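Here's a quick briefing to read alongside the model. Have the viewer open and follow the topics in whatever order suits you.

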Amino acid sequence: MNSLFRVSYTISFFFLFSSLCNTSILVAAHDPYDPTGNITIKWDVMSWTPDGYVAVVDIVNSQLYRTVQPPGWKLGWTWARRDEDEILWSVFGGQAIDQGNCSRFISNIPHSCSKRPVIVDLPTDTTLNQRITNCCRGGRLSSRYQAINKSTASFQISVGNAGTTNRTVRMPKNFTFVGGRAEYTCGPAKMARLSRFTTPDGRRITQALLTWKVVCTYKRANVANKLPTCCVSLSSFNQQKKANCPTNSCGRRMETCNTQGNPGIVPPLLKCTDHMCPVNIKLQILQQPKEKGAYMTVNVSIVNFNYRMNYIDWTLLVNHPFINKLTRVIHANHKQFPNIKMAQLMWGIKRRNDIITTSGRKGSAISWVMQLYKDSSTNATSTSSSCKKDWCAPNEILFNGDRCVIASL
């Protein structure tokens, strides 16, 4: 009887432990800074044509701090018809990467006959007759916290060989979205409330004939297999106390770097450094508080070691024990995260430091100053295990959504 009890107890404990492990995995996949952030695809059918319809597709970045950097966004899908695939007669504000097999057409060749078209954005110098509103930024999307007016991209498509009524038209399926170098997982297209639009004069409201929505979420599972792209170093004002980025913080990249500091005619990927990171964030204390209830001034700088990549509309997420006492930021924008007192999002000021240029060029290193108020309550709320006297290392720093390796004090 006792052995039977022990067996049943062991089995019960195993299932309980397994359920707890599964729960912890689910929690780990949850983004505490932006639990509801996503990329939303909105597909509005605006008018019917003799063999299909005209639609406007919006890509809305609803993420608080993740941007879409070059090479920009890519949106793909599979047409739903089985008897004869739909075609794209034309695209404005974007273009299909592959035209596909259009050999069955003798004249009036479609823009794309691919069963699985992939659309990308147009460059900033696109002519007016190919533009629509919210297009042509080279595929870049700002985060919602930075600039809501730059967080949406749009393109217009004319679809042929498709249904011509609400009953005969078919929703595309198998949507995919790539945001720069980040991958996303997209759900199925679903019917949504019809979109409403206000005419330019503000005197009339129109609405779409049909609206579909697709929600795409950031693939956090890929983060574990991805090399870090940035590291954080710490130093005092006189450089007597400093914590450099660990050697090879971002992996061994010797075959892709240049030791001379001269990129040459065909530049390598990045400049060789001890840490081998494309980006180095430096935190330097300019003024240390000598007593409780004083201000601490910190200089923040970002150095780009890439030879081939600019960072435009970059973001820096700072999670620090003292950041909830942030009183002033000079030469940068900032905003506190909702429900997370120790996290602030920072980004550049337009035409001043919103672009970090390639290594070796003017603007490849930018900086700004932040002022923190340190009092006894700050000490009490500090949970960082890396606090040394009056200074604590950041809990986390994310550059453009990627976690950085932080030097040890």
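Is Cys 250 buried or exposed? Cys 250 counts as buried because its relative accessibility is 0%. Keep in mind that this is a predicted model. The chain has 409 residues, and 47% of them count as buried.

**Overall build**

- Strands dominate the list of elements here, with 31 strands and two helices in the chain.
- Plenty of the contacts are long-range: among those with a separation of 6 or more, 68% are between residues 24 or more positions apart.
- The chain's accessible surface is about 21900 Å², and carbon and sulfur atoms hold 53% of that.

**Disulfides: Cys 250 and Cys 277**

- There are seven disulfides in the structure, and three of them get a closer look here, starting with the partner of Cys 250, which is Cys 277 at an S to S distance of 2.0 Å.
- The torsion about this S-S bond is about 95 degrees, so the disulfide is right-handed.
- Both ends sit in loops: Cys 250 between strand S15 (242-243) and strand S16 (257-258), and Cys 277 between strand S17 (270-271) and strand S18 (279-287). That pair links distant parts of the chain, 27 residues apart.
- Cys 277 is buried as well, because its relative accessibility is 0%.

**Disulfides: Cys 186 and Cys 216**

- Cys 186 is bonded to Cys 216, with 2.1 Å from S to S.
- In this case both ends are in strands, with Cys 186 in S9 (residues 182-186) and Cys 216 in S13 (residues 210-218), and the two cysteines are 30 residues apart.
- The link of Cys 186 and Cys 216 is right-handed, at 105 degrees about the S-S bond.
- As for exposure, Cys 186 and Cys 216 are both buried.

**Disulfides: Cys 230 and Cys 404**

- Cys 230 pairs with Cys 404, and their sulfurs are 2.0 Å apart.
- Cys 230 belongs to strand S14 (residues 230-235), while Cys 404 is in the loop between strand S30 (402-403) and strand S31 (405-406), so the bond ties together parts 174 residues apart in sequence.
- The handedness of the Cys 230 and Cys 404 link is left-handed, with -95 degrees about the S-S bond.
- Both Cys 230 and Cys 404 are buried.

**The largest pocket**

- The largest pocket holds about 680 Å³ of space.
- It is lined by 31 residues, and those closest to the centre are Arg 181, Thr 229, Met 309, Tyr 311 and Asp 402.
- By type, the lining of this pocket splits into 13 nonpolar, 10 polar and eight charged residues.

**Lys 150 and its surroundings**

- Look for Lys 150 in the loop between strand S6 (118-121) and strand S7 (152-160).
- Lys 150 counts as partly exposed because its relative accessibility is 27%, and the range for that class runs from 20% to 50%.
- Which residues does Lys 150 touch, not counting those up to four places away in sequence? The contacts are Arg 137, Arg 140, Leu 141, Ser 142, Asp 313 and Lys 350.
- Asn 61 is 89 residues from Lys 150 along the chain, yet their C-alpha atoms are separated by 9.0 Å.

Note on methods: Residues numbered from 1 in each chain as written. Predicted model: local features only at pLDDT ≥ 70, side-chain atom pairs only at ≥ 80, totals over all residues. Heavy atoms only, no water. 1 Å grid on protein atoms, 1.4 Å probe; cavity = no way out; pocket = protein on both sides within 12 Å on 5 of 7 lines; lining within 4 Å. Points joined across faces, edges and corners; volume = space filled by probe spheres on them. Nonpolar A, V, L, I, M, F, W, Y, C, P; charged D, E, K, R; others polar. Helix = DSSP H or I, 4+ residues; strand = E, 2+ residues; numbered from the N terminus. Buried < 20%, exposed > 50% of the residue type's maximum accessible area, 1.4 Å probe, protein only. Contact = heavy atoms within 4.5 Å. Areas by Shrake-Rupley, 256 points an atom, 1.4 Å probe, with all protein chains shown as cover. Disulfide = S-S within 2.5 Å.
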